[in-house]
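Grab your viewer and a scratchpad. Here are a few exercises to work through, each with a solution in steps.

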Amino acid sequence: MSGQIATWFPLCVGLTVVGLVFSFLAFRRRGAAAGMRTAAWALLPLAAYLTGALQALWTIGTTIVGFVTSLVFSPLVWAGVAVAGVSVVLFVASGVLRGRALSRDGERRKGGRGGKEAPAGPAEAPAVAGGRPAQTGKPAVEAPAKRKSDDDFSDIEDILRRRGIK
């Protein structure tokens, strides 16, 4: 065991002992559930030391702190952050432009090339309150022409038609 790891042992044991004292007090004042929950939390520092997880957590913590301090004090890193920001702005702007182009193309297809509006078909019903199209009694999609291979399903299709399902 290295010297750095061995110095953690008294700290972990101390935290565990203090936590177990608090769990005893919680058990007496608030009941068994609170005491057991506090004891479970109290045993975690010792478990982390014994399993070696404490060293991994320490390494992760020092790496994060090192990254943040190098981020704050390094102009080169700030240049990288600026480039990443420009990249995000370009992604967002291209998405907006693409959305406008797609909606413009959709309006051209709907209205024709001359800029005139296309006549409203049966699929376009006037909107009512709530943003839903008004029901006209006609189905929005017409059924395809019957084929002779569909004769097996003619009874099922008839039932669905009677119930208004196409």
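**Exercise 1.** Work out how far apart Arg161 and Glu157 sit along helix α6, in residues and in turns.

*Solution.* Start with the helix: α6 covers residues 154–162. Arg161 and Glu157 are four residues apart in it, which means about one helical turn between them. An α-helix has 3.6 residues a turn, so residues three or four places apart point the same way. Now check the contact in this predicted model: the closest N and O atoms of Arg161 and Glu157 are 3.7 Å apart. The cut-off for a salt bridge is 4 Å, and this pair forms one.

**Exercise 2.** Find the salt-bridge partner of Arg162, then say how exposed each of the two residues is.

*Solution.* The partner is Asp158, with the closest N and O atoms 3.0 Å apart. These two are also four residues apart in α6, so about one helical turn separates them. Next, the accessibility: exposed means over 50%, buried means under 20%, and partly exposed is in between. Arg162 has a relative accessible area of 62%, so it is exposed. Asp158, at 34%, is partly exposed. For the Exercise 1 pair, Arg161 comes out at 42% and is partly exposed, and Glu157 at 25% is partly exposed as well. The protein's salt-bridge count is two.

**Exercise 3.** Test whether the end-to-end distance of helix α3 agrees with its number of residues.

*Solution.* Helix α3 runs over residues 32–51, which is 20 residues. The expected span is 1.5 Å times one less than the number of residues, so for α3 you should get 28 Å. Its end C-alpha atoms are 28 Å apart, which agrees. Don't picture a perfectly straight rod, though: there is a kink of about 30 degrees at Leu44, shortly before Pro45. Just after the helix comes Gly52, with a positive phi near 85 degrees.

**Exercise 4.** Decide whether Phe67 is buried or exposed, and name the surface patch residues around it.

*Solution.* Place the residue first: Phe67 lies in helix α4, residues 53–73. Its relative accessibility is 53%, so Phe67 counts as exposed. It helps make a nonpolar surface patch of about 740 Å², together with Leu57, Ile60, Ile64, Val68, Val72 and Phe73. For the wider setting, UniProt's unreviewed entry puts transmembrane regions at residues 6–27, 39–58 and 64–97. Buried residues make up 10% of the 166 residues in the protein.

Definitions and conventions
Residues are numbered from 1 along each chain as its sequence is written. This is a predicted model: local features need pLDDT of at least 70, side-chain atom pairs count only at pLDDT 80 or more; totals for chains, interfaces and linings use all residues. Side-chain values use heavy atoms; hydrogens and water are left out. UniProt positions are given in the numbering used here, feature names are shortened, and annotations may be inferred rather than shown by experiment. Patches are made of residues with over 30% relative accessible area and no salt bridge: like charges are joined within 9 Å, nonpolar side chains (Val, Leu, Ile, Met, Phe, Trp, Tyr) within 5 Å. Accessible areas come from the Shrake-Rupley method with a 1.4 Å probe; for residues, only the protein chains shown count as cover. A salt bridge is a side-chain nitrogen of Lys or Arg within 4 Å of a carboxyl oxygen of Asp or Glu. Buried means under 20% relative accessible area, exposed over 50%, partly exposed in between (1.4 Å probe, protein chains only). The bend at a residue is the angle between axes fitted to the seven residues ending there and the seven starting there.
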